[in-house]
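Biologist: I should be grateful for a close look at a single part of this structure, namely one of its sheets and whatever packs on that sheet.

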Amino acid sequence: MTNAEIIALKNTCHTILPGHKALTPAQSFAQMASWCETNNIEHDVYGEGDFLQSFEKKIAGLLGMESAMFCISGTMAQVIALKLACEERGSSLVALHPTSHLLLHERSNFQVMDYFTALNIGNPHRPWTLQDLQTQPEHIAAAQYELPMREIGGQLPGWEELIAIKTYCRQQDIHLHMDGARLWEAACGFNKPLSDIAAGFDSVYVSFYKGIGGFAGAMLVGRTDFIAKARVWMHRQGGNVFRRTPYVIAAAMQFDQRLAAMPAYFQRTREIYAVLKDYPAFIANPATPHCNMLHLHLPTDKESAIQLRNRIATEHGIWLFNNAVHTALPGYCMFEWYVGDQMLDINDNTLRQALDLLTAGVQAPVLSM
């Protein structure tokens, strides 16, 4: 099936499990227009404007940092931050976990543009540790930490481990950068204020289209002088677009609501884990929830899982997951559940119906070497 056909099939379903409810463009734009009228919003001009800059100050304040820059994409924001960190310290080495978004999903941008050199650290299936960093003998300019780590089910490091990493990086003058694409979710997992989590990081990137549900956009947060340099590089990379207002509005108009809902999403994730105990054929990663997302491993291959998803959607109007991927174990695949508005509004009986259909459709594989 093409992407368009998949989206069309998903839109026929009365029950969709992952993520937030998707609005049509007409619904989104109508909400934005109403919010703009109520709040007397005016356009920015190349990033200059009271509304945009007040939102930047708001995010910087939440994270306990000096300044922030709204950026069209996190892909742009993160490589800028790490490039600047390398320039400040006279080394091109940046420590990245093997599942870093920069390594997996950004088409080698930092390498092609000669911004820095990646140094893989840590186990691909676990958050990286202080020891992983300490064992590197070379002069590292920067280290990136993703909180939570999306590619391994939303895992978080232990709080004391994170504090130790922050301390070591400060002592060794290693720029510690946070990939906080899902930082809003991590706050519930740590049960800490956002400012406590961000404290000790030299720069932070956050996203506004994932858990927040905006159109696109990110924020890079850090020291005032650091963000001033980042603005220059954003301009050089074509990110200083004429109007950023639509992207900021789409995030700002629902930001407080989404942030306030995060504890409920996390509690619902705990309840889902309790339901999953009755389905031993499915394995959740992590074993206990670290935030409001998880990976569910199934005893079937990727292609069969996707065919099963489509059949259940067609016959029962239930959309189980968005995509499935292969795992290291032959005959198994996994998919991601982000627990948002959809799961919050679905009761346990409906969830069990979906899991029963999934159970009936998979067969335990015969493992081969």
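**The open sheet and its surroundings**

Modeller: Before the sheet itself, a parallel arrangement elsewhere in this predicted model offers a useful contrast. Leu-96 of strand S3 (residues 93–96) stands opposite Asn-120 in S4. Strands S3 and S4 (residues 117–120) are paired in the parallel sense through four bridges. Strand S3 also runs parallel to S5 (residues 142–146), to which two bridges join it, and Ala-95 stands opposite Ala-143 in S5. Both faces of S3 are covered: Leu-93 and Ala-95 are buried on one side, Val-94 and Leu-96 on the other. In a regular strand, side chains alternate between the two faces of the sheet.

The sheet you asked about is open and has four strands in the order S9-S10-S13-S12, with antiparallel pairing. Its edges are formed by S9 (283–285) and S12 (324–326); each has a single partner strand, so one side of each lacks a neighbour in the sheet. On average, and with direction ignored, neighbouring strands of this sheet are turned by 30 degrees against each other.

At the S12 edge, three bridges link S12 to S13 (residues 333–338) in the antiparallel sense, and Val-325 has Met-334 in S13 as its bridge partner. Helix H12 (residues 245–276) packs on this sheet, where it touches S9, S10 (293–298) and S13. The direction of H12 makes about 20 degrees with that of S10.

Terms used. Residues are numbered from 1 along each chain as its sequence is written. This is a predicted model: local features need pLDDT of at least 70, side-chain atom pairs count only at pLDDT 80 or more; totals for chains, interfaces and linings use all residues. Side-chain values use heavy atoms; hydrogens and water are left out. Buried means under 20% relative accessible area, exposed over 50%, partly exposed in between (1.4 Å probe, protein chains only). Two strands pair if DSSP finds at least two bridges between them. Axes are lines fitted to C-alpha atoms, for helices over the stretch in contact, and angles run from 0 to 180 degrees between N-to-C directions. Contact means heavy atoms within 4.5 Å.
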